[in-house]
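Colleague: Please take a close look at the aromatic pairs of this model and at the residues and strands that surround them. I should like one connected account, with the reasoning behind each assignment made explicit.

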Amino acid sequence: MRTNTPVTLYSRSVSKGVESWSRSYISAAHWENRKAVNVIASGLLEADAVSVWIPDISISIKSGDIIVKGKIDKTISDTYTVSDLRKEFPYAVRVTSVDLYDFGSPNMRHLRIGAS
């Protein structure tokens with residue numbers, strides 16, 4: 001798999017109603033942006049999307065996590081929120097799907113992440 005960027009993963013967890021985020025780096029991924037617009041009866045609805053392929057199936061990623069193109073050293077906290085992160089980094093997106101492709105040779109195995 002050809003990779004074109006490192007990515008930063010912010011994993012969301014909730015314990016006793018309190019949300020927390022942990023940051024980790026993934027050194028190699030393939031990132032593709034797609035710009036699109038869906039037209040619905042009431043007007044326009046954005047449909048921008050990102051696909052990310054990660055050649056490491058041992059990484060734990062779930063819907064609701066945040067993935068950012070590049071190596072980012074910001075920490076999400078009470079003073080620096082997800083909204084702040086998304087304003088500062090246009091390629092900070094929320095994970096909407098995770099597909100595991102664990103068949104074939106070890107070089108072919110990967111995760112496909114859908115995000116917007």
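Modeller: A residue is termed exposed when its relative accessible area is over 50%, buried when that area is under 20%, and partly exposed in between. The model is a predicted one. With a relative accessibility of 55%, Phe-103 therefore counts as exposed.

I turn to the pairs themselves. Two rings are paired if their centres lie within 6.5 Å, and an angle of over 60 degrees between the planes makes the pair edge-to-face. The count under this rule is 2 aromatic pairs. One of them joins Trp-31 and Tyr-91: the ring centres are 6.3 Å apart and the planes stand at 75°, so this pair is edge-to-face. Trp-31 belongs to strand β2, whereas Tyr-91 is in the loop between α1 and β7 (92-101), so the pair ties together parts that are 60 residues apart in sequence. The two partners may also be described by their accessibility. Trp-31 has a relative accessibility of 4% and therefore counts as buried; Tyr-91, with 37%, counts as partly exposed. Tyr-101 and Phe-103 also form an edge-to-face pair, with 5.9 Å from centre to centre and 75° between the planes. In that pair Tyr-101 is partly exposed, because its relative accessibility is 28%, while Phe-103 is exposed at 55%.

Charged side chains meet aromatic rings as well. The ring of Tyr-91 has the charged end of Lys-69 over it, at 5.1 Å from the ring centre. Tyr-91 thus takes part in the pair with Trp-31 and also lies beneath a lysine. At another ring, that of Tyr-25, Lys-71 lies over the face, 4.8 Å from the centre.

A further tyrosine, Tyr-80, is linked to helix α1. Glu-88 lies in that helix, which covers residues 82-88, and its side chain makes a polar contact of 2.6 Å with the side chain of Tyr-80. Beyond four places in sequence, Glu-88 touches Lys-74 and Tyr-80. Its relative accessible area is 40%, so Glu-88 is partly exposed.

The strand that holds Trp-31 is part of a wider arrangement. In the order β1-β2-β5-β8-β7-β6, 6 strands close into a barrel with antiparallel pairing. Direction ignored, neighbouring strands of this sheet are turned against each other by 45° on average. Within the barrel, β2 pairs with β5 (residues 49-54) over 5 bridges in the antiparallel sense. Glu-32 stands opposite Ser-51 of β5.

On the other side of β2 in the barrel order comes β1, and Ser-11 lies in that strand. Ser-11 has a relative accessible area of 16% and is therefore buried. Its contacts, with neighbours within four places in sequence left aside, are Ser-20, Trp-21, Ser-22, Ser-60, Lys-62 and Asp-65. The loop between β1 (5-15) and β2 (18-34) contains Lys-16. There the backbone has a positive phi, near 55°, in a residue other than glycine. Lys-16 counts as exposed, because its relative accessibility is 84%.

Definitions and conventions
Residues are numbered from 1 along each chain as its sequence is written. This is a predicted model: local features need pLDDT of at least 70, side-chain atom pairs count only at pLDDT 80 or more; totals for chains, interfaces and linings use all residues. Side-chain values use heavy atoms; hydrogens and water are left out. Helices (H or I, at least four residues) and strands (E, at least two) are DSSP runs, numbered from the N terminus. Buried means under 20% relative accessible area, exposed over 50%, partly exposed in between (1.4 Å probe, protein chains only). Contact means heavy atoms within 4.5 Å. A polar contact is a pair of N or O atoms within 3.5 Å; within protein, one must be able to donate a hydrogen and the other to accept it, and residues adjacent in sequence count only if both atoms are side-chain atoms. Rings of Phe, Tyr and Trp (its six-membered ring) pair if their centres lie within 6.5 Å; planes under 30 degrees apart count as stacked, over 60 as edge-to-face and the rest as tilted. A charge sits over a ring if NZ of Lys or CZ of Arg is within 6 Å of the ring centre and within 35 degrees of the ring normal. Two strands pair if DSSP finds at least two bridges between them. Axes are lines fitted to C-alpha atoms, for helices over the stretch in contact, and angles run from 0 to 180 degrees between N-to-C directions.
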